[in-house]
Amino acid sequence: MADKPDLRGLPSVDRVLGLCGPAIERHGRAEATAAIRATLAELRAGASAPLPNAEAVAEAVGHRLAERYRPRLRPLFNLTGTVLHTNLGRAVLAEAAIEAVTAAMREAVALEFELDTGRRGERDDHLRELLRELTGAEDATLVNNNAAAVLIALNSLGAGREAIVSRGELIEIGGAFRMPDIMARAGVKLVEVGTTNRTHPKDYRGALGPETGLVLKVHTSNYRIEGFTAEVDGAALAAIAHEAGVPLLNDLGSGTLVDLSRWGLAKEPTVREAIAEGADIVTFSGDKLLGGPQAGFIVGRRDLIEAINRNPMKRALRVDKLRLAALEATLKLYRDPDRLAERLPTLHFLARDAAGIGAQAQRLAPAVAALLPAGFAVETCACRSQIGSGALPLDTLPSHGLRLIALRGRELEGLAAALRRLERPVIGRMQDGALVLDLRCLTDEAGFLETLRGLA
Ligand SMILES: *Cc1c(COP(=O)(O)O)cnc(C)c1O
């Protein structure tokens, strides 16, 4: 056993405090004192000779406080190849949205106040006109996220009655959003029609009756049924619902306001199309393909939107001024589709061409190789990016990246962990025995290389 040192040799709290000027300045005397006590207690518990002097203890206290105050929710490099990564916060916002949020944080805003009349206003009014303009819908409202939009729409339109939905559309989305559970919580009775792969107009017609409150169509965003399939399209389904005098609710999931094929992406149904087809209510997310902050949009028939706004749940699910500011700025970008891909990061990333990303990989590979710890190598590679958040699950995009490989005796997992521990963590994906860094979402190359210096 090592000699137990004489603990009286440890510096006193006061002695160390005298050396912690910058830490006191930054975090306050109470925090610095607590950190010194904790550091000294650890030293006492595990002390071995030689004991650290006061300067060394002060340095350890500085590290402890820096770690304690490092933001947990700090920026990282999303090199996973999934552009809208739910676990990494989905859409990165446009500069215009960031500016609008900052201003709304710092100052009072006319959130529920009509500047024209001086009377109390509605917080949703700020977006109502924009959403009508961009979707062709009669009216619009919004809530916390699309899960909330579906919940409140179902509850407002069909509480105590039946909602008819195809068996092929009873989706589960990550994070325990299961359509049957949401329907139960919304107080509507689920009536499943058709089969997993085929649902016909007669299936819906056969289920419609005096108890029917609505017909529900759900965009199967995160999977696709292929082969011997049949579904009833939005227009036909709207006609069937309207014959029976009930509304059609179409949950588009990601939803998009523009035809993405313009940027070489697969076509997703736009909100405008869903409305034009005859859906009475359409719900969609703010932070998926739309590229804004988390939100759930509800657009459609005025009388139904009014019913949704009267639902007491609305108050519990409402959106705050910061997100309204970000949403207004984001939606306004859609008025100028020609510059949308320049201004909206989500679309910018999705629309990047593979050759440009390949050139970036060639450019970065030697610099990255020089910064990796010994025993790891880099090569450039072709890979496929995903859109993510359930949007277009099968339509991957050709991309390029860096393949980090472990040489004999080194563990790839160790490198991945070291990259996650960086000041600005670097997150890639494990694939075929390599850690692949897909460069589709990398804009700050200099910052990336600077961050990698932290591996040393
Ligand atoms: C993503 C999704 C939802 C949930 O939307 P959030 O904005 O994540 O709450 C609901 N329905 C469908 C079809 C979806 O794709």
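Let's start at the ligand: select Arg90 together with it, and you will find a polar side-chain atom of Arg90 lying 2.9 Å from an oxygen atom of the ligand. Keep in mind on this tour that you are looking at a predicted model.

Stay with the ligand and add Asn146 to your selection. Here a polar backbone atom of Asn146 is 3.1 Å from an oxygen atom of the ligand. Next, click on Ser285, whose side chain has an N or O atom 2.6 Å from an oxygen atom of the ligand. How much of the ligand does the protein cover? On its own the ligand has 380 Å² of accessible area, and the protein covers 94% of that.

Now show the whole shell. The ligand is surrounded by 13 residues, and Ala147, Ser221, Asp251, Ser285 and Lys288 are the closest. Try colouring the shell by class: four of its residues are nonpolar, six are polar and three are charged. Which helix and which strand each supply at least two residues of this shell? Select helix H7 (146–158) and strand S8 (248–253) to see them.

For the last stop, leave the ligand and select helix H3 (residues 29–46) and helix H4 (residues 54–69). These two helices pack at an angle of about 115°, and their axes are 9 Å apart. Rotate the view to look at their crossing, which is right-handed. Then show the side chains where the helices meet: on H3 these include Ala35, Ile36 and Leu43, and on H4 they include Val57, Val61 and Leu65. Charged residues take part too, among them Glu31 and Glu42 in H3 and Arg64 and Arg68 in H4. By class, the contact of H3 with H4 has 11 nonpolar residues, one polar residue and four charged ones.

Methods. Residues are numbered from 1 along each chain as its sequence is written. This is a predicted model: local features need pLDDT of at least 70, side-chain atom pairs count only at pLDDT 80 or more; totals for chains, interfaces and linings use all residues. Side-chain values use heavy atoms; hydrogens and water are left out. Axes are lines fitted to C-alpha atoms, for helices over the stretch in contact, and angles run from 0 to 180 degrees between N-to-C directions. Helices (H or I, at least four residues) and strands (E, at least two) are DSSP runs, numbered from the N terminus. A crossing is left-handed if the near helix is turned anticlockwise from the far one by less than a right angle, and right-handed if clockwise. Contact means heavy atoms within 4.5 Å. A residue is near a molecule or strand if one of its heavy atoms lies within 4 Å of it. A polar contact is a pair of N or O atoms within 3.5 Å; within protein, one must be able to donate a hydrogen and the other to accept it, and residues adjacent in sequence count only if both atoms are side-chain atoms. Accessible areas come from the Shrake-Rupley method with a 1.4 Å probe; for residues, only the protein chains shown count as cover.
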